[in-house]
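Good morning, colleagues. Please bring the sequence and the structure up on your screens, and I shall take you through a few selected features.

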Amino acid sequence: MGKTLAQKIISAHLVDGDMTPGSQVALRIDQTLTQDATGTMAYLEFETMGIPRVRTELSVAYVDHNTLQCGFENADDHRYLQTVAAKYGVRFSRPGNGICHQVHLERFGIPGKTLIGSDSHTPTGGGLGMLAFGAGGLDVAVAMGGGAYYITMPKMYKVNLVGSLQKNVTAKDISLEILRILSVKGGVGAIIEWGGEGIANLTVPQRATITNMGAELGATTSIFPSDGQTKKFLEAQGRGNAFVPLESDPDALYDLEITIDLDELKPMIACPHSPDNVVAVETLSDVKVDQVCVGSCTNSSLQDMLKVAAMLKGRTIAPGVSLSISPGSRQVLSMLADCGALNDILASGARLLECACGPCIGMGFSPNSGGVSLRTFNRNFLGRSGTRDGQVYLVSPETAVASALTGFITDPRTVEADVTYQVPAQFKVDDSGVLMPLPEGNDGEVLRGPNIKEFPKSKPFADHLTAEIVLKVGDNITTDHIMPAGAKILPYRSNIPYLSNFCFEVCDPEFPARAKQAGDGIVIGGTNYGQGSSREHAALVPMYLGVRVVIAKSFARIHVANLINAGILPLTFKNPADYDWVAQGAKLTFADIRASMACGELVITDEESGRSFVGICDLTERQQNILLAGGLLNYTKNGGQ
């Protein structure tokens with residue numbers, strides 16, 4: 001039996017484990033990336049390990065999230081990241097150089113290599129044929145130290161594309177269509193490989209849009225073959241020597257196969273407040289638009305921006321619309337300026353934002369109260385834009401521009417004039433925005449500002465625990481619910497004590513005070529608990545507030561790993577109906593924890609009623625030992641691998 005592309009790369013990087021789906025595998029990691037909202041904590045964790053130099057082939061620290069500097073906090077974090085990167089052998093991408101996923105695709109990604117990043121959209125690298133995973137910062141820190149990355153061996157899904165994209169139907173529409181088919185839970189536990197005749201004409205930036213959006217499916221990662229399109233892209237970046245052809249074996253087997261006919265695909269749109277709330281754009285033509293944002297790690301490539309400029313050329317956006325443009329990298333912005341496309345964008349009335357994540361994480365350009373905002377981004381969770389009642393829709397750049405011009409949600413196929421643009425055969429290469437680390441043996445000084453606090457300490461598990469249910473929430477709770485983003489909160493990502501005041505603010509503003517008062521706490525959740533961002537703060541902050549256990553109907557992959565790393569026990573209801581009767585404020589008792597972990601089931605008793613239920617403890621022996629040690633950092637310091 002042949003192997004899928006992902007299985008080939010996993011096999012080549014396997015350090016330990018059995019490649020049977022559902023078993024644990026340990027992988028050697030070639031590259032890592034961090035961004036500033038998660039990176040400060042990751043490097044604090046790395047420093048705690050006492051390792052003198054990173055041991056990966058390449059590690060890059062990016063600054064792309066917290067670029068609004070309204071106080072000293074963000075600037076201090078940037079200074080810390082630059083100095084810690086210089087000391088420990090990490091390249092540093094300066095503020096303004098671009099969004100981590102776009103820059104990494106342009107300048108560092110290599111087909112067949114493994115990459116983990118402290119950002120859930122790291123699978124963008126799969127557009128180049130990389131096996132790229134989003135992970136918590138602590139997992140990234142361990143990988144930088146030479147440690148393996150542990151995952152549950154995924155199932156293999158295949159999406160076959162047939163036919164070809166029609167006018168103004170795009171890779172973003174493919175992404176939204178697969179979300180419509182599978183939902184935000186449909187990719188959990190799987191790697192999604194893209195193939196079929198329809199991929200032949202998809203460029204690497206288009207493929208990267210699709211693999212980026214795979215994170216919204218809950219997939220472990222997504223990947224395309226490395227072929228002629230990959231070679232063309234790498235040669236355009238002056239990195240043709242990095243190309244290697246990669247594909248699955250013809251007789252590879254998949255757990256699920258889906259076919260999408262590109263000839264029949266229409267422009268699609270995700271409605272508030274979930275990426276899988278997808279309908280055809282043509283069904284919403286009566287919806288008035290207040291704001292349009294083009295950019296983010298999903299749709300900010302040169303190809304995207306040239307198409308946007310061509311559609312805007314000689315036109316003016318509707319009077320009631322505010323349009324922002326965020327190029328994905330300094331390379332993209334510079335090339336737009338050189339060819340005159342930037343002038344076409346600005347002449348339309350659009351506003352140019354920095355080459356950064358910006359509005360996607362609520363860092364500026366929030367919509368008006370109750371405003372309809374069309375965004376070429378990957379997430380439209382409630383309140384993520386920075387406006388609590390903002391109505392955020394996810395669209396392609398083509399739909400975004402067509403709607404900005406008319407003032408209403410508009411099917412871009414109705415745009416009459418033909419637009420032409422040409423992506424250059426060679427890209428403008430200028431890596432001066434990436435600072436090299438100090439040579440090995442140079443002991444550089446690491447500078448820390450007053451907002452950078454120590455990594456919080458977790459508690460090892462005793463054999464008996466009685467704790468209060470301090471919060472009960474519903475289905476599809478995202479990391480934005482648990483630990484919100486936005487300009488007011490993101491600057492404090494390196495200050496867990498202050499950050500804790502905002503934990504679960506979207507669900508219950510009283511949660512932080514109640515959790516502190518309880519001492520030891522339990523959170524009850526529904527299905528797909530912890531979907532969304534890889535931010536480990538959604539585990540570290542609850543841990544700081546005393547949360548010891550989270551019991552849910554099901555978990556998102558990265559978040560359950562982050563809970564374990566933080567020393568929080570994740571359990572699932574053996575009988576989902578038990579979720580209905582457990583109540584916030586009740587006290588639950590867990591007995592014989594060590595033995596129960598080993599057998600995979602914990603009996604949990606309500607102290608007042610005496611009623612019991614069973615929590616499934618689906619943990620490997622290593623994960624059990626991490627929890628018993630009080631988290632991955634304690635486990636690693638104690639000699640665990």
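Let me begin with helix 5, residues 137-144, which lies across strand 3 (31-35), strand 4 (58-62) and strand 6 (114-117). Relative to strand 3, helix 5 runs at about 140°. Please keep in mind that this is a predicted model.

Strands 3, 4 and 6 belong to an open sheet of six strands, whose order is 7-6-3-4-5-20 and whose pairing is mixed. At its edges are strand 7 (131-134) and strand 20 (434-435), each of which pairs on one side only. Strand 20 runs antiparallel to strand 5 (residues 91-93), and two bridges join them. Within that pairing, F92 has L435 of strand 20 as its bridge partner.

A further open sheet has three strands in the order 1-2-8, paired in the antiparallel sense. Strand 1 (14-17) and strand 8 (149-152) each have a single partner strand, so one side of each is left without a neighbour in the sheet. From one strand to the next, the twist averages 25°. Strand 2, residues 24-27, pairs with strand 8 over four bridges. Which residue of strand 8 is the bridge partner of A26? That partner is Y150. Y150 has another neighbour to note: R622 lies over the face of its ring, at 3.6 Å from the ring centre. A comparable arrangement involves R548, whose charged end sits over the ring of F461, 4.4 Å from the centre of that ring.

I turn now to V159, in strand 9 (residues 155-162). Is V159 buried or exposed? Its relative accessibility is 2%, and V159 therefore counts as buried, the cut-off being under 20%. Leaving aside residues up to four places away in sequence, V159 touches I178, I192, E193, W194, G195, I258 and I260. By contrast, L68 is 91 residues from V159 in sequence, and their C-alpha atoms are 39 Å apart in space.

One of those contacts of V159, W194, leads to the aromatic residues. How many aromatic pairs does the structure hold? There are eleven. In the pair formed by W194 and F224, the ring centres are 6.0 Å apart and the planes stand at 10°; because planes under 30 degrees apart count as stacked, this pair is stacked. The pair links distant parts of the chain, 30 residues apart: W194 is in strand 10 (residues 190-195), while F224 is in the loop between strand 11 (221-223) and helix 8 (228-236). W194 is buried at 1% relative accessibility, and F224 is buried with a relative accessible area of 0%.

The rings of F233 and F427 also have their centres 6.0 Å apart, but their planes are at 80°, so this pair is edge-to-face. F233 lies in helix 8 and F427 in the loop between helix 12 (397-406) and strand 20, so the pair ties together parts that are 194 residues apart in sequence. F233 counts as buried, at 7% relative accessibility, and F427 does too, at 14%.

Finally, which residues do ring pairs link into a cluster? They are F573, Y579, W581 and F613.

To close, I would return to strand 20: it is an edge strand of the six-stranded sheet, and the loop that holds F427 lies between helix 12 and this strand. Thank you for your attention.

Technical notes: Residues are numbered from 1 along each chain as its sequence is written. This is a predicted model: local features need pLDDT of at least 70, side-chain atom pairs count only at pLDDT 80 or more; totals for chains, interfaces and linings use all residues. Side-chain values use heavy atoms; hydrogens and water are left out. Two strands pair if DSSP finds at least two bridges between them. Axes are lines fitted to C-alpha atoms, for helices over the stretch in contact, and angles run from 0 to 180 degrees between N-to-C directions. Contact means heavy atoms within 4.5 Å. Buried means under 20% relative accessible area, exposed over 50%, partly exposed in between (1.4 Å probe, protein chains only). Rings of Phe, Tyr and Trp (its six-membered ring) pair if their centres lie within 6.5 Å; planes under 30 degrees apart count as stacked, over 60 as edge-to-face and the rest as tilted. A charge sits over a ring if NZ of Lys or CZ of Arg is within 6 Å of the ring centre and within 35 degrees of the ring normal.
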